[in-house]
Structure formats: C-alpha cells, structure tokens
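Colleague: Got a minute to go through this model with me? I'd like to start with contacts and then move around.

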Amino acid sequence: MNPQVPFADPHPVAAAAAAASADPDPGTSPLLTRRSAALVLLGVTSTAAAFLAARPPTSPQADAPPEEFGETYRGRRIAGIRMPDATTGAGEWQVTVDGRPLHLMRRADGSYLTMVDHYDSCPTPLAAARRAVAELGEQTLQAHDRRL
C-alpha cells in the first residue's frame, strides 16, 4: 500500500450520512427539530386559514360588465346585450345606436373598438358605444354594405 494515498472508504455515501447525523456537540439541542417545524407550519397554516375566512367572498362576476345595458347619451338611444355563444359560453355584444347596429370588435387585451372610431380602445362595450356617438355627432349610423 502506498503511504501517500489516503485510504478510500468503500461506502462513501454511508460514511457521509453517518457524519451528518452525528451530533457535533452532544450537550446542545438542534436549532430546529421536527416537532418545532411542525408547530411553525401549523401556526402559519392556521393564520392563513383565519385570514382567508375573514375576507368577504368575491364572485367572479363582481368585476364583469353587465349582460345588457341601455341609456340615452347625447340624445341618442344606446342599447346593448351580450348574446351567449353555445360553444364558449362567452358571447358577442350586439349594440345598437338609435336602433341601428353598431359593430364592435374585441381586441386581444380585452378592450373594445367600433367601426366608427377604430383608433381608440374602450374598456367596455358601453364606453365604445358612447365614443361612437360622440364621433358621429349629428350624423346617422349607416348600415355596412357587405356587397362591396
């Protein structure tokens, strides 16, 4: 045997585990035991549960726009209703200004724009209809000719 080469342990993993489990100072207790870790976890969980129970319940529809609207804005009658889609459940908005259809487009970010003013986005269909009425002024909304 070569005296300069240290002795290699045939089971290095077992030796490392035994060294890690050995108490470096037998007179002191470890900083975190299983029992203290379980008590800390129990305290955090019960505090989180109490916090969540104390909050008022929120429904997913609380922030959703209404399913229909109708108002007179600048002397024009604006009405809109969401027509449910059988496949997705979401649906498209059918909006009219003085009984004539106003085409709305939904953008990828969730905002709306109209054929009357397609440069500005609006957060809701009602806001888009109001902006279209403001842009129209005294003009009448014309039907879109699909034959062109």
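Colleague: Which residues does Glu71 touch, leaving out those up to four places away in sequence?

Modeller: Glu71 touches Arg76, Arg77, Ile78, Leu126 and Arg130. Contact here means heavy atoms within 4.5 Å. A caution on the source: this is a predicted model, where local features need pLDDT of at least 70 and side-chain atom pairs count only at pLDDT 80 or more, while totals for chains, interfaces and linings use all residues. Residues are numbered from 1 along each chain as its sequence is written, and side-chain values use heavy atoms, with hydrogens and water left out.

Colleague: Where is Glu71, and is it buried or exposed?

Modeller: Glu71 sits in strand 1. It counts as buried, at 19% relative accessibility. Buried means under 20% relative accessible area, exposed over 50%, partly exposed in between (1.4 Å probe, protein chains only). Helices (H or I, at least four residues) and strands (E, at least two) are DSSP runs, numbered from the N terminus.

Colleague: Switching to the largest nonpolar core. Which residues touch the most other members?

Modeller: Phe69, Ile78, Trp93, Val95, Leu102 and Leu104, out of 16 residues. Such a core is a set of buried Ala, Val, Leu, Ile, Met, Phe, Trp, Tyr and Cys residues joined through side-chain atoms within 4.5 Å.

Colleague: Which element gives the largest share?

Modeller: Helix 3, with six residues. Strand 3 (92–97) and helix 3 (125–136) are the elements that give two or more.

Colleague: And what does Phe69 touch, with the same sequence neighbours left out?

Modeller: Ile78, Ala79, Gly80, Trp93, Val95, Pro125 and Leu126.

Colleague: How many aromatic pairs are there?

Modeller: One. Rings of Phe, Tyr and Trp (its six-membered ring) pair if their centres lie within 6.5 Å; planes under 30 degrees apart count as stacked, over 60 as edge-to-face and the rest as tilted. Phe69 and Trp93 form a tilted pair, 5.5 Å centre to centre with 35° between the planes. Phe69 is in strand 1 (residues 68–73) and Trp93 in strand 3, so the pair ties together parts 24 residues apart in sequence. Both Phe69 and Trp93 are buried.

Colleague: Back to helix 3. Which of its residues are buried?

Modeller: Pro125, Leu126, Ala128, Ala129, Ala132, Val133 and Leu136. They cover an arc of only 160° around the axis, which puts them on the same side of helix 3. The arc is that of the directions from the helix axis to the C-beta atoms.

Colleague: What do those buried residues of helix 3 pack against?

Modeller: Strand 1, strand 2 (76–83), strand 3, strand 4 (100–102), strand 5 (104–106) and strand 6 (112–114). Just after helix 3, Gly137 takes a positive phi of about 65°.

Colleague: New topic. How many salt bridges does the structure hold?

Modeller: Five. The rule is a side-chain nitrogen of Lys or Arg within 4 Å of a carboxyl oxygen of Asp or Glu. One of them joins Arg82 and Glu67 (3.3 Å, N to O). Arg82 is in strand 2 and Glu67 in the loop between helix 2 (34–54) and strand 1, 15 residues apart.

Colleague: What about Arg76?

Modeller: Arg76 forms a salt bridge with Asp98, with the closest N and O atoms 2.7 Å apart. Asp98 lies in the loop between strand 3 and strand 4, 22 residues from Arg76 in strand 2. Arg76 is buried, with a relative accessible area of 10%, whereas Asp98 counts as partly exposed at 39% relative accessibility.
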